[in-house]
Amino acid sequence: MADPSDQTMLAALLSMIAMTAIVAVRYIASSGLFAWLTSRVHPGLYRGLERQIGMELRWSLASAAIYGLPAGLVAWGWQQDGWTRIYTDPSDYPLWWLPLSVLAYLVAHDAWFYWTHRWMHRPALFRMAHAVHHASRPPTAWAAMSFHPIEALTGVVVIPALVFVIPIHAGALGFVLMVMTVMGVTNHMGWEMFPRRLVHSRLGNWLITASHHSRHHEQYTCNYGLYFRFWDHLCATDRGLSRP
Ligand SMILES: [Zn+2]
Ligand SMILES: [Zn+2]
């Protein structure tokens, strides 16, 4: 009979392999969907970018393997009772905690991203790692996870670390991952899908969409945030939108 610890290791390993496959499929499905939408709404926008898209695909699939490992470990750990703070019974916490937990995860992820992103722009690190992401000029929907492995490693720790600290319902966590995926793709797809009324509103002044992140890809030294413009405003790195 196999040693129970061997079985545990095997279960964790299988979970990590499964999560890598899920992250890769999620990337292809979400980027594929918005690339297709781009071809309908703005035909020809990605013309001449075939080589760049091939590169974005390769880096993104390599990132999928890096993202899959801790995600698989968390998924496995979730099945070991009490290991993470992910809960499934909505009555375990007050109902108002559902939206608040989502906001807490997004705010924490945004802060981590802003500061690690600024750090990635230091010349040595930029040359070594972050230049891969900025090789997308202009970015396409396929650039969502186009990161050098060093940068993928800095991004991969946030959500898996938060599930050990901040309680979240499994469904709310799924929603956070959906927001992360959709915004990651649409912020790079080269056109603004949100209505001008929202993007140029007072609320839009605090939210990051494609118009904001495109300017980062054009000018490099501004607009570092992920979801919210809070840190960019606070640190005077916000240079507005790329298509006013
Ligand atoms: Zn980007
Ligand atoms: Zn950057």
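What share of the contacts with a separation of 6 or more comes from residues 24 or more positions apart? In this predicted model, the share is 71%. The chain is mostly a matter of helices to keep track of, so to speak: the protein has 10 helices and 2 strands. Starting at the N terminus, the order is α-α-β-α-α-α-α-β-α-α-α-α. The radius of gyration comes out at 19 Å, close to the 18 Å that the globule rule gives for 244 residues, so the protein is as compact as a globular protein of that length. Along the principal axes, the C-alpha atoms fill a box of roughly 60 × 40 × 40 Å. As for the interior, 32% of the 244 residues are buried.

Next come the nonpolar cores. In soluble globular proteins, nonpolar side chains tend to be buried together. Here the largest nonpolar core has 22 residues, and the members touching the most others are Val-23, Tyr-67, Ala-141 and Ala-144. Two or more residues come from each of α1 (4-41) and α2, with α2 giving the most, at 6 residues. A second core, separate from that one, has 7 residues, among them Ile-159, Leu-162, Ile-168 and Val-176. Going back to Tyr-67, and setting aside its neighbours within four places in sequence, the contacts of this residue are Val-23, Ala-152 and Val-156.

Ala-152 leads straight to helix α5, which spans residues 149-156 and has Glu-151, Ala-152, Thr-154 and Gly-155 as its buried residues. These sit on the same side of α5, because they cover an arc of only 160° around the axis. An α-helix has 3.6 residues a turn, so residues three or four places apart point the same way. The cover over the buried residues of α5 includes α2 (50-79), α3 (97-120), α4 (123-134) and α6 (158-162).

One of those covering elements, α3, deserves its own look. Helix α3 has 24 residues and reaches 33 Å from its first C-alpha to its last, close to the 34 Å expected at 1.5 Å a residue. Its buried residues are Ser-101, Tyr-105, His-109, Tyr-114, His-117 and Met-120. They are covered by elements including α4, α5, α6, β2 (168-169), α7 (170-186) and α10 (230-234). Trp-112 also belongs to α3, but this residue counts as partly exposed because it has 18 C-beta neighbours inside 10 Å. Between Trp-112 and Val-158 there are 7.4 Å in space, C-alpha to C-alpha, although the two are 46 residues apart in sequence.

A few backbone details round things off. The peptide bond joining Arg-137 and Pro-138 is cis, with omega at about -5°, and Pro-138 lies in the loop between α4 and α5. Two residues other than glycine have a positive phi: Asn-223, at about 50°, and Ala-236, near 55°. Asn-223 sits in the loop between α9 (210-219) and α10, while Ala-236 is in the segment after α10. Are these two residues buried or exposed? Asn-223 is buried, because 24 other C-beta atoms lie within 10 Å. Ala-236, in contrast, is exposed, with 8 other C-beta atoms within 10 Å.

Definitions and conventions: Residues are numbered from 1 along each chain as its sequence is written. Chains are lettered from A and ligands numbered from 1 in the order in which they are written. This is a predicted model: local features need pLDDT of at least 70, side-chain atom pairs count only at pLDDT 80 or more; totals for chains, interfaces and linings use all residues. A residue is buried if 20 or more other C-beta atoms lie within 10 Å of its own, exposed if 12 or fewer, and partly exposed in between; C-beta atoms are placed from the backbone. Helices (H or I, at least four residues) and strands (E, at least two) are DSSP runs, numbered from the N terminus. The arc is that of the directions from the helix axis to the C-beta atoms. Two residues are in contact if their C-beta atoms, placed from the backbone, lie within 7 Å. The radius of gyration is taken over C-alpha atoms; the globule rule is 2.2 Å times the number of residues to the power 0.38. A nonpolar core is a set of buried Ala, Val, Leu, Ile, Met, Phe, Trp, Tyr and Cys residues joined through C-beta atoms within 7 Å. The expected span of a helix is 1.5 Å times one less than its number of residues.
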